[in-house]
2 protein chains.
Amino acid sequence: MERVKGVRDFLPKDMILRESIFSTLKRVFESFGFDPLETPAIETWELLSAKGGLGEEAVKDIFRLRDKAGRELGLRFDLTVPLARVVASNPQLPKPFKRYQISRVWRYEEIRKGRYREFWQADIDTIGVRSMRADAEILAVVVKCLEELGFDDFYIKLNNRKVLDGLTEDLSIARRSRFAVFRAIDKLEKLGAERVKEELEKLIEKQAVEGVFKFITLKGSNEEMLARAEQMLRSEVGKQGVRELEELLSIAGIYGIEGRLRIDFSLARGLDYYTGPIFEAVIGGAERLGSVAGGGRYDKLVEIYGGPPTPATGISFGVERLAELLRERVELRATKTKLFVASATEEVRQDVLRLAQKLRKDGLAVETDLMGRKLRKQLEYADSAGIPYVVIVGREELGRGVVRLRDMRKRVEKEVEVERIPLSID
Amino acid sequence: MERVKGVRDFLPKDMILRESIFSTLKRVFESFGFDPLETPAIETWELLSAKGGLGEEAVKDIFRLRDKAGRELGLRFDLTVPLARVVASNPQLPKPFKRYQISRVWRYEEIRKGRYREFWQADIDTIGVRSMRADAEILAVVVKCLEELGFDDFYIKLNNRKVLDGLTEDLSIARRSRFAVFRAIDKLEKLGAERVKEELEKLIEKQAVEGVFKFITLKGSNEEMLARAEQMLRSEVGKQGVRELEELLSIAGIYGIEGRLRIDFSLARGLDYYTGPIFEAVIGGAERLGSVAGGGRYDKLVEIYGGPPTPATGISFGVERLAELLRERVELRATKTKLFVASATEEVRQDVLRLAQKLRKDGLAVETDLMGRKLRKQLEYADSAGIPYVVIVGREELGRGVVRLRDMRKRVEKEVEVERIPLSID
C-alpha cells in the first residue's frame with residue numbers, strides 16, 4: 001500500500017545521519033542554556049491563520065485538515081507560532097525563557113523535487129529579552145553549530161525589518177502593501193532583479209521601486225553599509241533598525257563571530273511576524289540550496305496569541321538542507337551496529353549469546369544470528385547490513401579463550417583474546 | 001489562544017524527563033543492533049483501516065482526517081502498521097531487519113484523565129525471523145531497558161495467540177467471533193471476571209464461556225502452566241503455540257531473564273494483527289497503571305500491506321506510563337543548564353561572555369545574563385530557573401584569576417580559580 005503523497009520514510013541510513021545532526025545541534029543548544037520543549041503536531045486553524053502571524057502567503061501552504069467532528073485544524077507550519085502560543089499561555093515561565101525544539105513541521109506545497117510536505121526543523125528561541133544580547137547569542141549558537149557540523153566556509157546574512165520598515169516609510173509605501181513588498185524583495189536571489197522589479201511595480205509606484213532597489217543593492221563592508229543606511233534613511237524606525245544592527249555587531253565581536261556576519265539589505269524573510277533583526281545562514285559554495293538556517297526577532301507574536309507584550313528572537317535550522325549537504329561530505333552508515341558475533345558451529349550458539357551480552361555491557365552495539373544460519377550466511381548478512389566487524393566463535397578457539405575477529409571493510413581476520421575484543425575495534 | 005483538545009505541550013521539566021527516557025531506551029536498543037527508522041505522521045485511511053490490521057475497535061479510535069483535497073487520511077495509530085508498510089515496499093532491506101522508532105502516535109479517544117490524543121511510543125521490531133530467538137531477544141531488550149531505567153520489581157506476562165486460537169478451535173467458537181473474544185478476555189484485569197463473562201456470553205455459548213474461563217484462569221509455575229495447556233489443548237495450532245512458548249522460555253534462560261517471565265493465558269492483547277507469542281511488561285506495585293510495554297508476533301501483517309510473507313515480532317514501550325512512574329522516582333530538573341555566569345558589575349560583562357564561551361568549550365551548559373540585570377536579579381533568575389551553580393565574576397577577583405562559585409541548592413559560596421571551575425561542580 002502507498003504512502004501519503006509528499007511525505008517520506010527515513011530508512012536507517014537516512015535516519016542515522018539525521019540523528020547525528022540532531023545530537024550535534026542539541027549538544028550546542030544545551031551548552032548555551034537552551035532547554036527542550038515539545039508542542040503538538042496539530043494546532044487550531046484559528047491559531048495558525050491569525051493576522052500578524054505567518055502571513056497570507058504562508059497560510060496558503062498550511063496542511064489544513066478537518067477532524068472527525070468537523071473542527072478546522074492544521075498541522076503546524078513552523079515551530080515559532082506554537083512556541084508563541086505556549087509562552088502566551090504560560091506566564092509563569094521565568095524570563096528569559098530559552099528553548100530548543102527539534103521536530104517536524106508540515107507544509108501543503110506543490111509536490112516537486114526537493115520539496116516535501118513533512119520535514120524537520122531545529123529551532124532555538126529566546127523569549128523575554130529586548131536587548132540585542134539575545135540576538136547576538138542566537139548568532140553565536142548558529143556559528144558554533146555549523147562549525148561543529150563540520151562546515152568551515154559559511155556566513156550569516158543580516159538585516160533588520162525596522163530598516164526595511166523605515167525604507168518603505170521614507171518612500172511613502174502604503175502600510176497594507178508592506179508585507180507583499182518584503183516578500184517580493186525576499187525573492188531577489190531566486191528570481192533575479194528584473195522579475196522582482198516587475199512584481200514590485202504591481203504593488204507600488206515605479207519611483208518607489210527605484211528607491212527600494214537603490215537601497216537593497218547597496219554593497220560594502222558592514223561598517224560602510226550601516227553608515228550609508230544611516231545617511232539614506234530619514235524615518236525614526238529606520239534609524240533605530242540601524243542602531244540595533246550596530247549593537248548586534250558590537251556584541252557579536254565579543255563572541256568573535258563578527259567575521260561571519262554580512263549586512264545585506266535585500267534580506268527580507270517571507271513571514272509577516274518579524275519585527276527586528278533578521279538573519280539567514282548560507283554555506284559557501286552551496287548558495288543554490290538557499291539558507292541552512294533563518295530567523296529573526298518577532299516582538300509582537302506572543303501578544304497576537306493573547307499573551308502580554310513579550311520580546312522574542314530565534315532561528316530555525318533547515319535539517320533537510322543540512323542533511324543534503326552532509327550526505328556528500330560524511331561517510332554514511334547503514335547501521336549503528338559495530339559487531340556481529342557469529343557462531344562457527346551449532347554447538348557454540350549459547351556461548352555466542354553470552355559473549356554478545358558481555359560485549360553489550362562493555363558498551364558495544366552487537367548483533368547475533370537469529371535465523372539459525374550457517375557461518376557463511378551469517379558473514380554475508382553482516383556484510384550486506386554494513387556491520388564493520390564480525391567475531392567468529394569456534395569451539396576449539398573458545399577453549400583457548402580466543403575468537404577470530406574479522407574486519408569486514410579491510411577483509412582481514414586475526415585471532416584475539418576474548419577480553420581484548422573491545423580494544424581491537426575502532 | 002487555545003490548544004487543540006486532548007493534546008499537550010511538554011515544557012522543559014517534562015521534556016527533559018522524556019528525553020532521558022528516550023536516550024536510555026535508544027542506548028539499549030542500539031546495543032542489541034536495532035537501528036533508527038522514521039515514518040510520516042500521516043497515513044492513508046486505506047492503510048490504517050485494512051482488514052487483519054489494527055482491528056475494528058482500534059480503527060474506531062484512529063484520528064481520522066480529510067486533507068484540503070478531500071482525501072481520507074489518518075494520523076498513525078501505532079508504529080507497527082507503518083513499519084509493516086515500509087517493509088512491504090522495501091524488499092531490498094537485508095533480513096533480519098531490526099529497527100527502533102521513538103515517535104508520536106495519535107488516538108481520537110474520549111478525552112478523560114490520563115488519556116491523551118497524542119503521545120509517544122518507543123518500539124523495537126525484528127522483521128524476517130520465524131524463530132523464537134527473535135522474540136526472546138525482544139524480551140531481553142525489554143528487561144535491560146527497564147533495569148536501566150531504574151526499575152527492579154517488574155515482570156513480563158507471556159501468552160501466545162496460537163494457544164488462544166487453539167482454545168477457540170477446541171471450543172468450536174466461530175472464527176468471525178474470535179477477535180471479539182480476545183478483546184473481551186483482554187479486559188479481564190480491568191473489568192473483572194463477571195463483566196467479561198457477560199460480554200463473552202453475548203458472543204459465544206455459555207458452555208464455551210466456561211471453557212474459556214477454566215483455561216485463562218489457570219495458575220502455576222511456567223512449567224506447570226505449559227504442561228496443563230499441553231494436556232488441555234487438542235488442536236494442532238494450540239499445541240504449536242505451547243511449543244513456541246517452551247522454546248521462547250528456553251532461549252530466555254540463556255539470556256538469564258526467565259525469572260522475569262510469567263505465562264498468563266488471560267493475556268490476549270487488543271489488536272487483531274498478532275499471530276504468535278504476545279507479551280506485556282508490568283511494574284510491580286504499579287499494576288493499576290496497566291502495562292508499560294506490550295507487543296508480540298505478527299507474521300501476517302507485511303503480507304496484508306502487499307509484501308511477501310514475512311514473519312515479524314516486536315514490542316512497544318508506553319512512554320507516558322514510564323514517564324508517570326519515573327516522575328515519582330527521580331529528581332525532576334527544570335533545566336539542563338549547569339552554570340550561570342553572573343556579572344557583579346557592568347564593567348565585567350565582556351569578561352563574562354568570554355568566560356562562558358570558555359566553559360562551554362569544556363563541555364558545560366552555561367547561561368549568562370541577557371537582560372542587563374543587576375547581580376541580585378541575576379541570582380534570582382538562576383534560582384527560579386533551577387540552575388544549580390552560579391559563578392560570580394568581579395573585577396577585583398578576576399585580577400587574581402579567581403571567581404566566586406555559588407552552590408544554589410546548598411546556598412554556600414566559595415572562591416575558586418577560574419581554571420578549576422569545571423572540577424568544582426558536580
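**Entry 1: strands across the interface**

I started at Arg66 and found that A:Arg66 stands opposite B:Arg66, the latter in strand 3 of chain B. This is a predicted model, so noted here once. Next I looked up how the strands around that pair are joined. Strand 3 of chain A (residues 64-67) and strand 3 of chain B (residues 64-66) run antiparallel, with 2 bridges joining them.

**Entry 2: contacts and area**

I then asked how many residues of each chain are in contact. I got 97 residues from chain B and 97 residues from chain A. For the area buried between chain B and chain A I noted about 7900 Å², with carbon and sulfur atoms giving 60% of that. I also checked which residues of chain B lose the most area to chain A: B:Met1, B:Lys68 and B:Leu370 do, and together they make up 11% of what that side buries.

**Entry 3: salt bridges and polar contacts**

Charges came next. I have 12 salt bridges across the interface of chain B and chain A. For a concrete pair I pulled up A:Glu367 and B:Lys98, whose side chains meet in a salt bridge at 3.9 Å, N to O. The cut-off there is 4 Å. Polar contacts across the interface of the two chains come to 38 residue pairs, both residues at pLDDT 80 or more.

**Entry 4: what chain B brings**

Which element gives the largest share of the side of chain B that touches chain A? I found helix 1 of chain B (residues 12-31), with 7 residues. By class, I wrote down 47 nonpolar, 17 polar and 33 charged residues for that side of chain B.

Note on methods
Residues are numbered from 1 along each chain as its sequence is written. Chains are lettered from A and ligands numbered from 1 in the order in which they are written. This is a predicted model: local features need pLDDT of at least 70, side-chain atom pairs count only at pLDDT 80 or more; totals for chains, interfaces and linings use all residues. Side-chain values use heavy atoms; hydrogens and water are left out. Contact means heavy atoms within 4.5 Å. Buried area is the accessible area (1.4 Å probe) that two parts lose on being put together, summed over both. A polar contact is a pair of N or O atoms within 3.5 Å; within protein, one must be able to donate a hydrogen and the other to accept it, and residues adjacent in sequence count only if both atoms are side-chain atoms. Helices (H or I, at least four residues) and strands (E, at least two) are DSSP runs, numbered from the N terminus. Ala, Val, Leu, Ile, Met, Phe, Trp, Tyr, Cys and Pro count as nonpolar, Asp, Glu, Lys and Arg as charged, and the others, Gly among them, as polar. Two strands pair if DSSP finds at least two bridges between them.
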